[in-house]
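Subject: Structure handover

Hello,

The structure we spoke about is placed below, with notes on what turned up in it. Please read the notes with the structure open.

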Amino acid sequence: EEGWIDFNGHLNTGYYTVLFDRCADEAFAELGFGPSYVAERNLTTFSAEFHIRYLREVKLGDRVRSSFHLIDHDEKRFHFFQELFHEDGWCAATGESLTLHVDMSGPRVVPMPDDIAARVAQAAKVHAALPRPDGIGRKIGIRRKG
């Protein structure tokens, strides 16, 4: 969108998050965390951490798509990795998240209900067969010589 382009002529950093979030919303709905989840069960998800790597510029008019790869999970959390691909096939950015399952009455982190946990486990099983994306678990920092 035109308003997402900054004074450098490329996609502003904040809008990478918007694009990753839109993809995650679709994936979350498949896992059972869709819009009705909080209304019906008073349960939801909160992002605990999100790390973006900006690899190549995205400019006005570029078409992109995002992937969603479930890396790991336990009863209260899940870890996923996303890639933002340009229509020409190159990776523009990656996003990595740790997400918490939350009871809104606290709010507090709680185990997922059995039906949702089963869906997450099934997705993790399917995703485990996919090639592991490059860049998972990257640290941020300034590398110093000896």
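A salt bridge here is a side-chain nitrogen of Lys or Arg within 4 Å of a carboxyl oxygen of Asp or Glu. Asp 74 and Arg 77 satisfy this, with 2.3 Å from N to O between their side chains. Please keep in mind that the model is a predicted one.

Overall layout

The chain has three helices and six strands. In sequence order the pattern reads α-α-β-β-β-β-β-β-α. The C-alpha trace spans about 45 × 45 × 30 Å along its principal axes. Of the 146 residues in the chain, 40% are buried.

Salt bridges

Six salt bridges come out of a search of the whole structure, and three of them are described in this email: the one already given, between Asp 74 and Arg 77, and two others. In the Asp 74 and Arg 77 bridge, both partners are partly exposed: Asp 74 has a relative accessibility of 29%, and Arg 77 has a relative accessible area of 39%.

Another bridge joins Arg 22 to Glu 1, with the closest N and O atoms 4.0 Å apart. This pair links distant parts of the chain, since Arg 22 sits in helix H1 and Glu 1 in the segment before H1, 21 residues away. Arg 22 is partly exposed at 44% relative accessibility. Glu 1 has a relative accessible area of 57% and is therefore exposed, the cut-off for that class being over 50%.

Glu 87 and Arg 63 form a further bridge, where the closest N and O atoms are 3.8 Å apart. Glu 87 lies in the loop between strand E4 (77–86) and strand E5 (91–103), and Arg 63 in the loop between strand E1 (43–54) and E2, so this bridge ties together parts that are 24 residues apart in sequence. Arg 63 counts as exposed, at 60% relative accessibility.

Aromatic pairs

How many aromatic pairs does a search of the whole structure find? The count is eleven. One of them is formed by Phe 28 and Phe 68, an edge-to-face pair with 6.2 Å centre to centre and 85° between the planes. Phe 28 belongs to helix H1, while Phe 68 is in the loop between strand E2 (64–66) and strand E3 (69–73); the two are 40 residues apart, and the pair links distant parts of the chain. Phe 28 and Phe 68 are both buried.

Phe 33 and Tyr 37 also form an edge-to-face pair, at 5.4 Å centre to centre and with 80° between the planes. Phe 33 counts as buried because its relative accessibility is 9%, where buried means under 20%. Tyr 37 is buried as well, at 4%.

Ring pairs connect these four residues with Phe 78 and Phe 80, giving a cluster of Phe 28, Phe 33, Tyr 37, Phe 68, Phe 78 and Phe 80. Within that cluster, Phe 80 is placed in strand E4 and is buried, with a relative accessible area of 3%. The C-alpha atom of Phe 80 is separated by 9.7 Å from that of Phe 50, a residue 30 positions away along the chain.

Surface patches

Two patches are worth listing. Asp 21, Asp 25, Glu 26 and Glu 30 form a negative patch on the surface. Asp 25, one of its members, is located in helix H1 (residues 13–31). Is Asp 25 buried or partly exposed? Its relative accessible area is 46%, so Asp 25 is partly exposed.

The other patch is nonpolar and consists of Val 38, Phe 46 and Met 104, which together have about 220 Å² of accessible area. Val 38 is found in helix H2 (residues 35–41). At 35% relative accessibility, Val 38 counts as partly exposed.

Helix H1 therefore recurs in these notes: it holds Asp 25 of the negative patch, Arg 22 of the bridge to Glu 1 and Phe 28 of the pair with Phe 68.

Regards

Notes:
Residues are numbered from 1 along each chain as its sequence is written. This is a predicted model: local features need pLDDT of at least 70, side-chain atom pairs count only at pLDDT 80 or more; totals for chains, interfaces and linings use all residues. Side-chain values use heavy atoms; hydrogens and water are left out. Patches are made of residues with over 30% relative accessible area and no salt bridge: like charges are joined within 9 Å, nonpolar side chains (Val, Leu, Ile, Met, Phe, Trp, Tyr) within 5 Å. Accessible areas come from the Shrake-Rupley method with a 1.4 Å probe; for residues, only the protein chains shown count as cover. Lys and Arg count as positive and Asp and Glu as negative; His and the chain ends are not counted. The place of a charge is taken as NZ of Lys, CZ of Arg, CG of Asp or CD of Glu. Helices (H or I, at least four residues) and strands (E, at least two) are DSSP runs, numbered from the N terminus. Buried means under 20% relative accessible area, exposed over 50%, partly exposed in between (1.4 Å probe, protein chains only). Rings of Phe, Tyr and Trp (its six-membered ring) pair if their centres lie within 6.5 Å; planes under 30 degrees apart count as stacked, over 60 as edge-to-face and the rest as tilted.
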